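Welcome, and please open the structure in your viewer. We will go from stop to stop, with something to select at each one.

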Amino acid sequence: MADAQPTGPPRCPKIEGAARCHQQAQCTEHMETANQTGMIHFHFRPFSKLPGVQVLIFVAFLIMYLVSISGNVSISLIIWISRSLHTPMYFFLANLAVLEICYSSTIAPLTLASVLSPERALVSLPGCGTQMFFFIFLGSADCILLAVMAYDRFVAICHPLRYTLVMNWKLCVRLVLGSLVLGFILAMPLTVLIFQLPFCSSKEISLFYCDVLPVMRLACADTWVHEATLFVVSVTVLTVPFLLITLSYVFIGATILQIRSAEGRHKAFSTCSSHLTVVVLQYGCGSLIYLCPSSSYSPDRGQGVSVVYTFITPVLNPLVYSMRNRELKDALTRTAIRFLFS
């Protein structure tokens, strides 16, 4: 006769990147009560245990955030004020700048608070879910809009005589709204699915904001369905638009090579170089995090790459577009001179 199996509370599985549940009873109790009452709170892992280093990081992040907001606000206002920039290309650029403003503001304020006071900057379960939703929503819309901008450049360079007919304002508005709707459709189910997971207790997120992979690692449950869903969303947001961008630039490159004058080739390339720079930064960083197997995810690598695409990229975008785009640079100069002498 076989020995009777011992009974007791279920074991809490191993959780990488966070402290283990100390006792089986504690894990079971928190899973049953904390999730039901919504009293779970997360806190973010500090960049350093040295207060002086934390202050320097706070100052650096604050400067980057302010530069990002001021740069993107300037671009959107200049495009709105200058009638010469009322074209589809600059319409998409203005919408990209607005997305960057919202995207930065989703991450930066809570990050700055947690860097300045790690012990007090706790985020509730609904608060973490809200930040994650807007992060996925705005980031997805951003990537899709970059693909739309590549299509705009493809039509302008490869089919210049049909450009005004194809890229009419009705289509431009639909493309921007489509980017937002698709981003919303991808973000909502993934966020709801993740925050239906049971969490043991208040946890330390191994990042400076509520990202998908670090939060999933805190769950006391199997997450393979959630990881598969995240992979599908990542392919939809990163791989498919990037392939469309690549295909567009293959045709653009072939057309540019057929232009006989060096000045014409330079002008055609200059309208695409700033967009290509932003694409490489955006898709390169995103692919390093979300297209790699979740088992190979490294919190340290994730934190470094996340700093690039949440703080550095929003700063570089307005700088890249204003420095490498002559029309936008001239409009900025004219507006600044008019403002100073008014």
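**Stop one: the largest cavity**

The largest cavity holds about 270 Å³ of space; keep in mind throughout that this is a predicted model. To find the largest cavity, select Phe 135, Gly 139, Ser 140, Val 237 and Tyr 290, which lie nearest its centre among the 17 residues of its lining. Now colour H4, helix H8 (224–257) and H9, since each of these supplies at least two residues of that lining. What classes of residue line the largest cavity? Its lining has 12 nonpolar residues, five polar ones and no charged ones.

**Stop two: H4 against H9**

Next, select helix H4 (residues 125–158) together with helix H9 (residues 262–290). Their axes are 11 Å apart, and the two helices pack at an angle of about 150°. Because angles over 145 degrees count as roughly antiparallel, H4 is roughly antiparallel to H9. The crossing of the two helices, H4 and H9, is left-handed.

For a view of the contact, show side chains on H4, including Phe 135, Gly 139, Asp 142 and Arg 153, and on H9, including Thr 271, His 275, Gln 282 and Tyr 290. By class, the residues in the contact of H4 with H9 are 14 nonpolar, four polar and two charged.

**Stop three: the second largest cavity**

About 100 Å³ of space lies in the second largest cavity. Select Met 89, Phe 92 and Leu 93, then add Met 149, Asp 152 and Arg 153; these are among the residues of its lining. The lining also includes Thr 271, Ser 274, His 275, Tyr 321 and Asn 325. H3, H4 and H9 each give at least two residues to this second largest cavity. Its lining is made of five nonpolar, four polar and two charged residues. In total, there are five cavities of 30 Å³ or more to explore.

**Stop four: the largest pocket**

Finally, turn to the largest pocket, with about 620 Å³ of space. Which residues lie nearest its centre? Select Met 89, Lys 267, Ser 270, Thr 271 and Glu 327, from a lining of 21 residues. Met 89 and Thr 271 may look familiar, as both also line the second largest cavity.

Which helix gives the most to the lining of the largest pocket? That is H9, with seven residues. At least two residues each come from helix H3 (88–116), H4, H9, helix H10 (299–324) and helix H11 (326–341). The lining of the largest pocket divides into seven nonpolar, seven polar and seven charged residues.

Terms used. Residues are numbered from 1 along each chain as its sequence is written. This is a predicted model: local features need pLDDT of at least 70, side-chain atom pairs count only at pLDDT 80 or more; totals for chains, interfaces and linings use all residues. Side-chain values use heavy atoms; hydrogens and water are left out. Axes are lines fitted to C-alpha atoms, for helices over the stretch in contact, and angles run from 0 to 180 degrees between N-to-C directions. Helices (H or I, at least four residues) and strands (E, at least two) are DSSP runs, numbered from the N terminus. Angles under 35 degrees count as roughly parallel, over 145 as roughly antiparallel, 65 to 115 as roughly perpendicular and the rest as oblique. A crossing is left-handed if the near helix is turned anticlockwise from the far one by less than a right angle, and right-handed if clockwise. Contact means heavy atoms within 4.5 Å. Ala, Val, Leu, Ile, Met, Phe, Trp, Tyr, Cys and Pro count as nonpolar, Asp, Glu, Lys and Arg as charged, and the others, Gly among them, as polar. On a 1 Å grid over the protein atoms alone, a cavity is a set of points where a 1.4 Å probe fits but cannot get out, and a pocket is an open set with protein on both sides within 12 Å along at least five of seven lines; lining residues have an atom within 4 Å of a point. Grid points are joined across faces, edges and corners, and a volume is the space filled by probe spheres set on the points.
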